[in-house]
Amino acid sequence: MSTRQSIPKWYDDRGNRVARMPDALQVAASGIVFNALGEVLLQKRSDNGWWGLPSGYVDVGESVEQGAIREIWEETGIHSRIRRLVGVYSNPQYNVISAYPDGSLIQFAIIIFECEYLSGELQVSEESTDVGYFPIARLPEDILLCDLQAIEDALENRIEPFVR
């Protein structure tokens, strides 16, 4: 009988098999912003080169709502406000594990909001190499899987949030 802990069949946010347990669990906040044409705002991340929703760690002393609003502004130049909670994503089966260039694996509890555009012009940041609005039918192939699930969930326009 083996005493070795079995590693579940989990995949990271890019679809790669996770070979070990994550190093840490972190809280993150993210925002889905649709424009008047129904296109969704995405950023191309500078850390892994994949497209995703503006998101990041919630800072000590701020709420998850404040974190989502801050991340959207910092990463895209867009000022927004919260419309509704889309969902809470923490189950590793929903691709909430990120692999970083330093070798660390982080599992996230991500709180994702639908946000309303208020003002601002699109701009890249240190955390993004490109930003733009994409038609739902033509999202980039290299989009983070958890973010793709959240966009699909947001389009359902449910009153109650998803818990995944």
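1. Let's start where K44 stands opposite W51 in β3. This is a predicted model, so please read every value below as computed from it. K44 and W51 belong to a pairing in which 2 bridges join β2 to β3, with the two strands running antiparallel. Another contact of that pairing is Q43, whose bridge partner in β3 is G52. Between the two strands of this hairpin there are 5 residues, and G49 takes a positive phi near 75° there.

2. On its other pairing, β2 is joined to β8 by 6 bridges, again antiparallel. One contact to look up on your screen is V40, which has F134 as its bridge partner in β8. Put together, the strands make an open sheet of 3 with the order β3-β2-β8 and antiparallel pairing. β3 and β8 are the edge strands, each pairing on one side only. As for β2, it is mostly covered, with 5 of its 6 residues buried. As background, strands of a sheet pair through backbone hydrogen bonds, either parallel or antiparallel.

3. Which aromatic rings pair up in this model? The count comes to 2 aromatic pairs. In one of them, the ring centres of W51 and F134 are 4.9 Å apart and the planes stand at 70°; an angle over 60 degrees counts as edge-to-face, so that is the label for this pair. W51 sits in strand β3 (residues 51-52) and F134 in strand β8 (residues 128-134), so the contact ties together parts that are 83 residues apart in sequence. Both W51 and F134 are buried. You have already met these two residues in the sheet: W51 is opposite K44, and F134 is the partner of V40.

4. The other pair is Y57 with F108, which is tilted, at 5.6 Å centre to centre and 45° between the planes. Y57 is in strand β4 (residues 55-57) and F108 in strand β7 (residues 105-120), so this pair links parts that are 51 residues apart in sequence. Are the two partners buried or exposed? Y57 has 37% relative accessibility and so counts as partly exposed, whereas F108, at 7%, counts as buried.

5. F108 turns up again in the largest pocket, which holds about 460 Å³ of space. Its lining has 27 residues, and R45, S55, G56, Y100 and F108 lie nearest the centre. Which elements give two or more residues to that lining? They are β1 (24-33), β2 (40-45), β4, α1 (64-76), β6 (97-99), β7 and α2 (145-155). In chemical terms the lining is mixed, with 11 nonpolar, 8 polar and 8 charged residues.

6. R45, one of the residues nearest the pocket centre, also gives a handy distance to check. The C-alpha atoms of F34 and R45 are separated by 19 Å, with the two residues 11 apart along the chain. F34 lies in the loop between β1 and β2. With a relative accessible area of 19%, F34 is under the 20% cut-off and therefore counts as buried.

7. A charge and a ring come together at R158 and F162: the charged end of R158 sits over the ring of F162, 3.8 Å from its centre.

8. Two asparagines deserve a look at the backbone. Most residues other than glycine have a negative phi. N95 has a positive phi near 60°, and N157 has a positive phi near 55°. Where do they sit? N95 is found in the loop between β5 (78-89) and β6, while N157 is in the loop between α2 and β9 (162-163). Their surroundings can be compared through accessibility: N95, at 16%, counts as buried, and N157, at 56%, counts as exposed.

Notes: Residues numbered from 1 in each chain as written. Predicted model: local features only at pLDDT ≥ 70, side-chain atom pairs only at ≥ 80, totals over all residues. Heavy atoms only, no water. Phe/Tyr/Trp six-rings, centres within 6.5 Å; stacked < 30°, edge-to-face > 60°. Helix = DSSP H or I, 4+ residues; strand = E, 2+ residues; numbered from the N terminus. Buried < 20%, exposed > 50% of the residue type's maximum accessible area, 1.4 Å probe, protein only. Lys NZ or Arg CZ within 6 Å of the ring centre and 35° of its normal. 1 Å grid on protein atoms, 1.4 Å probe; cavity = no way out; pocket = protein on both sides within 12 Å on 5 of 7 lines; lining within 4 Å. Points joined across faces, edges and corners; volume = space filled by probe spheres on them. Nonpolar A, V, L, I, M, F, W, Y, C, P; charged D, E, K, R; others polar. Pairing = 2+ DSSP bridges.
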